[in-house]
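Morning, everyone. Please get the viewer up on your screens. I'll take you on a brisk tour.

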Amino acid sequence: MTAISDTSATPAADRPSLRERTLARLVEHVRTLIPAGAVTFVSVRRGEVEDTAGWFADERLREATELLAEAVARRDRMLLLPRLDAWEAALTLPAPAGAPLAAASVAACPLRTSTGEVVGALVVASLDPQHPLRRSDLGTVEVVADLAAMALERATLLEDEGRRVREEICLKRAAESISESLELEEVYRRVAEHAAEVTGAQQALLTRLNARSGELRTAASVELRKTPAAPLAADGDRAAGGAPRAAPAIDSESFGRVARTRRPHRDTGAGGSRMHAPIEIGPRLYGVLTVTHEKSSRFGDDDLQLLARLARSSAAAIANAIDFGRERRLARTLTLGFVPQPLPGLAGYETGLLYAPALGEPTGGDVYGAWPLPDGDIAVLVGDVAGKGVENAALSAMVRFFVEARSWDTRSPAAVLEQTNAMLMGRLPPDTFVTAFYGVLSPGRLVWAGAGHFPPVHVSGPCVRVLESRGLPLGVDLSPKYRERELELVAGDMVFAFTDGLVEARRDRETYGSDRLARLVGRLAQSLGPQELVTAVHDEIADWSGGLVDDAVALALRRRR
């Protein structure tokens, strides 16, 4: 006899579905109600048989009763047969499987939902000629069929809802993972990985469309570990000798079709299964997402819809990464075009420069530079445009250009700032201003003026002090009236200028502050050169705060001994 197997110790991935478990329980209930030699349930969905369950006194009865159940489901009518060989379709039953049923009495009934939809069939067969099935048994079979239909309908709804929830969770996790990065190549890789994961594919490929040539190129490709070589259904998915076929080639002419029509597409056949979905937002096509599996029946319409949803949600992440890359290139071009790195060699001085944009930004609004003047002196500039991003990078480049342009024919730092201020008035966006420290270095002297910027630190031996630099920020008032100050520099003296990203670094509710920065610079300047100093100051403050969240510039100049 064939028994219902116990699945309590079976791995979750291999356990029967809820529909299969429901059918198995129904088989047991029918056996308690009707003495029978065979009980068979089949479930039908979208016109195709999906699940079967049964109990058989003789295993040879399995194929015949399952075929009979399928026929009843498709014909949608009850049957009561004193002898099966009296049925007009009995000749279609296979031999010798049909032989044990030839003299059997059979009661069969389709499973109908409350709306009349046929979701399966139940067949009960008695092999005892002394106790054939009667009309009263058919009535019992009909009642059980109605109850079974309700149970299957409920199981189907629960399975569909469970699958929908699992898919939503998978898509949500995939979207979060893909959106975590703004590096385009990393985004491409994650999209391909999640496409393979959510669809159960063996391979995934993301191709980009070249807008100029119309050609597709590979942007990312992943291949997951193939499933172990377990026996497969005899559907042509194994090569001769029982060895598993290689996964189908991922290249397909369907690429072009999907790119043209913007519609997902599924290919099935002896060579395996493939699915393609466009990655698009509005009129913009970013590429085609493809997954493959060696098994020809692996993907269905639900899988295609899942891939299409992942492709649509991935398009936004790809667009963001492309925009970020474009902004980063533009910002770097603007910054490097007006603020070259590293600093040029300055006669009589050792220099150190650190430029660290805010976390996640390609560049920022900090202004810095040092350049020789026509008379041989050296101009020094450190400033900050309020805000971050590519817009502020453009403004910082403009400020640097204005200051350097005025420094060529204006010796006075105060005059340079006043003229720069006049040019910025009306050019800056509303509520935007620029702080700046600008000085002129000669062999033994620094003359400077400030526009609302943090004063630099002066280190002379063991003495540490800040260089007072009062004045309104640039772009605030038409007549700021900046004042100049002067400092004598001896051999070994160091001037350390910086932006607010260092002093306004926070840990909990505490800011690092100017006084603590001055003490740190004074201590480190005794043993470090200018370049080592700016790096050490940045690293120590970043460690203290857990990472800087604002742009930071540090510029150190030491008069040679």
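I'll go through salt bridges, then one helix, then cavities, then aromatic rings, and end on one valine.

One thing before we start. This is a predicted model.

Salt bridges, then. How many does a search of the whole structure find? The search finds 19. I'll pick out some of them.

Start with Glu70 and Arg74. They form a salt bridge, and their closest N and O atoms are 3.4 Å apart. Now look at where they sit. Both are in helix 2, residues 61–75, and they are four residues apart. That puts about one helical turn between them. Here is a rule to keep in your notes. An α-helix has 3.6 residues a turn, so residues three or four places apart point the same way. Back to our pair. Is Arg74 buried or exposed? Arg74 counts as exposed, because its relative accessibility is 54% and the cut-off is over 50%. Glu70 has 21%, so it counts as partly exposed.

Next, Asp409 and Arg406. Their side chains meet in a salt bridge, at 3.3 Å from N to O. Asp409 is exposed, with a relative accessible area of 55%. Arg406 is partly exposed, at 22%.

Then Arg516 and Glu510. This salt bridge has its closest N and O atoms 2.6 Å apart. Arg516 is partly exposed, with a relative accessible area of 24%. Glu510 counts as partly exposed too, at 34%.

Salt bridges can also share partners. Which residues do they join into one network? The network is made of Glu180, Glu186, Arg189, Arg190 and Glu193.

That brings me to helix 4. Helix 4 covers residues 184–199, which is 16 residues. Let's check its length. At 1.5 Å a residue, helix 4 should span 22 Å. How far apart are its end C-alpha atoms? They are 23 Å apart, which agrees with the expected span.

Now find the buried residues of helix 4. Among them are Val187, Tyr188, Val191 and Ala192. Further along, His194, Ala195, Ala196, Val198 and Thr199 are buried as well. Arg190 is also on the buried list, and Arg190 belongs to the salt-bridge network I just named. Just after helix 4 comes Gly200. Gly200 takes a positive phi of about 75°.

Next topic: cavities. The structure holds two of 30 Å³ or more.

The largest cavity has about 50 Å³ of space. Which residues line it? The lining is Val380, Phe437, Leu441, Leu446, Val495, Ala497 and Leu557. Two elements give two or more residues to that lining: strand 14 (434–442) and strand 19 (494–498). What about chemistry? The lining has seven nonpolar residues, no polar and no charged.

The second largest cavity has about 30 Å³ of space. Its lining is Tyr349, Leu441, Leu489, Asp493, Met494, Val495, Leu557 and Arg559. Here the elements that give two or more residues are strand 19 and strand 22 (552–559). By class, this lining has six nonpolar residues, no polar and two charged.

Compare the two lists on your screens. Leu441, Val495 and Leu557 line the largest cavity, and Leu441, Val495 and Leu557 line the second largest cavity.

On to aromatic rings. How many aromatic pairs does the structure hold? It holds six. One of them is Phe401 with Phe402. The centres of these two rings are 6.2 Å apart, with 55° between the planes, and the pair is tilted. Now check each partner. Phe401 counts as partly exposed, at 45% relative accessibility. Phe402 counts as buried, because its relative accessibility is 11% and the cut-off is under 20%.

Rings can form clusters too. Ring pairs link Phe454, Phe496 and Phe498 into one.

Last stop: Val521. Where does Val521 lie? Val521 lies in helix 10, residues 514–524. Val521 is buried, with a relative accessible area of 0%. Now find Val459. Along the chain, Val521 and Val459 are 62 residues apart. In space, their C-alpha atoms are separated by 8.0 Å.

That's my tour. Questions, please.

Definitions and conventions: Residues numbered from 1 in each chain as written. Predicted model: local features only at pLDDT ≥ 70, side-chain atom pairs only at ≥ 80, totals over all residues. Heavy atoms only, no water. Salt bridge = Lys/Arg side-chain N within 4 Å of Asp/Glu carboxyl O. Buried < 20%, exposed > 50% of the residue type's maximum accessible area, 1.4 Å probe, protein only. Expected span 1.5 Å × (residues − 1). 1 Å grid on protein atoms, 1.4 Å probe; cavity = no way out; pocket = protein on both sides within 12 Å on 5 of 7 lines; lining within 4 Å. Points joined across faces, edges and corners; volume = space filled by probe spheres on them. Nonpolar A, V, L, I, M, F, W, Y, C, P; charged D, E, K, R; others polar. Phe/Tyr/Trp six-rings, centres within 6.5 Å; stacked < 30°, edge-to-face > 60°.
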